[in-house]
Amino acid sequence: MKYIVVFFISLTVQVISGQNALKEYINIGLENNLALRQKESSFRQSLEALNEARGLFYPNISLNARYTISEGGRVIDFPVGDLMNPVYSTLNQLTSSNIFPQIENQEIRFLRPTEHETRLRLVQPVFNTDIYYNAKIRKEFTLSEEISLEQYKRELVAEIKKAYYTVGMTGNLLDMFRETRPLLLENIRVNSRLIENNKITMENLLRSRTELSKFEQRLQTALKDLQVATAYFNFLLNKPLNDTVIIEDPLKTQLTAISQQDFKQEALNNREEIKNIEKYGQISELTIQMNRSSRLPDISLLADYGFQGETYQFNKNHDYMQASVVLSWDLFSGFQNKTRIRQSIIRKEMIDRQIDEIKSQIELQVIRAMNELKASEAGITAADSQVKSAREGFRLVRRKFEEGQASLIEFMDARNSLTQAEENRIISHFTYMSNYAELEKVTTSFNTLQK
């Protein structure tokens, strides 16, 4: 009976510290959880992708250098000697001199033996719909990643709470079994004395020892369950799996007088899943607009400044400057753009249907969570009543048994009834708290939970 008293004292006196302990564990989980860190890394990666998309609006400046050695290639024969030498000969005869020398025919090569070109090139987009819509789409993807991060935080908080309550439940069950074990040992001692006084037969003692063996097995199972629950709770917090968990029983949170419809509306207003799928709908709409705007031309500015020549010389005799306005316009692409537009429209229609489906799923989750919570709340009242009746029944049977007026079977049945009632009460209490955490998860967002 000592266990019952201790349990109620901890339930009423350590409420504040218990809630603070759970909040501290939640903060540790939000800071250290490995899966949450991966989600945060994905969000940061999305932010960098957004910055990359925005960088396309700025000019691109590049340095290009080329040095070429050539041999062979096409050659043009220019018969300048055949054309000019007769004229020069006639002029020499008329002037009686050799002022006009004979020249040879020329070969002009298209490829110079050595050549270099070094330039700075600036490219500035002026009108490019792909760059504009790509930046807007990347922004929506980033917001979607942020929403997914908030969604995981909300689910992680609920999972930490339920794992915490599971540790508390298994720990309380183990304590209860340990508190009950001396009763079985005392029963064996009493039966041994009764046998010595020839008041009962040997099978009663054997039955008591059998009951103790069964109880020891349940005790070991409870210990195993506590170890597993503790390991999972520490896993969520990214702590050593065998770390001790400080369990302080929280106060039973009362279900507020809010209608089921209000809970459903709150969930539809706050749940990240709806916001996320709506973001994907906006992305599909932007994709449609981007594909439709591809009918427009792209315009950009291009400017070059550099040096050319057969040798590396950087001076005014070898430099050059060039500026261009470049227009690119796809006039026909085999109806590919129309196909892409139709694909985007179909994808948008699918997302709209998914929004309706997700809303129905959320409403179903709220209904299930509320019914589970109400059932567990009624279970606590019934469990308390069972403990009270079982405790009084065991007290009466125990007194009769010690006086030799009740059989061992009656004593064992009364003791089993009390153990089961206490076990059911503990399970009912922590099940209610877990169900309340589930209702919080399905009806609110992470930002709402933080308030």
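**Entry 1: the rule and the count**

I count a salt bridge when a side-chain nitrogen of Lys or Arg lies within 4 Å of a carboxyl oxygen of Asp or Glu. The model I am looking at is a predicted one. Applying that rule, I arrive at 17 salt bridges. I picked a few of them to look up one by one.

**Entry 2: Lys153 and Glu150**

I started in helix α5, which covers residues 129-196. Here Lys153 and Glu150 form a salt bridge, with N to O at 3.9 Å. With a cut-off of 4 Å, the 3.9 Å of this pair still qualifies. How far apart are the two residues in the helix? They are three residues apart, so about one helical turn separates them.

I then checked burial, where the limit is under 20% relative accessible area. Lys153 is buried at 16%, and Glu150 is buried too, at 15%.

**Entry 3: Lys162 and Glu438**

Staying in helix α5, I moved to Lys162, whose side chain meets that of Glu438 in a salt bridge of 2.7 Å, N to O. Which parts of the chain does this pair link? I find Lys162 in helix α5 and Glu438 in helix α10 (residues 408-443), so these are distant parts of the chain, 276 residues apart. Glu438 has a relative accessible area of 23%, which makes it partly exposed.

**Entry 4: Arg425 and Asp384**

Next I looked at another residue of helix α10, Arg425. Its salt-bridge partner is Asp384, and their closest N and O atoms are 3.2 Å apart. Asp384 sits in helix α9 (residues 336-402), so the bridge ties together parts that are 41 residues apart in sequence.

Are the two ends buried or partly exposed? Arg425 is buried, with a relative accessible area of 8%, whereas Asp384 is partly exposed at 32%.

**Entry 5: a network**

I also noted a group that goes beyond a pair: Arg154, Arg271, Glu272 and Glu273 are linked in a network of salt bridges.

**Entry 6: Thr419**

Last, I returned to helix α10 for Thr419. With a relative accessible area of 2%, Thr419 is buried. What does Thr419 contact, leaving aside its neighbours within four places in sequence? I list Met176, Phe177, Thr180, Phe215 and Arg218.

**Entry 7: what I keep**

For my own summary, helix α10 holds Glu438, linked to Lys162 of helix α5, as well as Arg425, linked to Asp384 of helix α9. Helix α10 also holds Thr419, a buried residue.

Definitions and conventions:
Residues are numbered from 1 along each chain as its sequence is written. This is a predicted model: local features need pLDDT of at least 70, side-chain atom pairs count only at pLDDT 80 or more; totals for chains, interfaces and linings use all residues. Side-chain values use heavy atoms; hydrogens and water are left out. Helices (H or I, at least four residues) and strands (E, at least two) are DSSP runs, numbered from the N terminus. Buried means under 20% relative accessible area, exposed over 50%, partly exposed in between (1.4 Å probe, protein chains only). Contact means heavy atoms within 4.5 Å.
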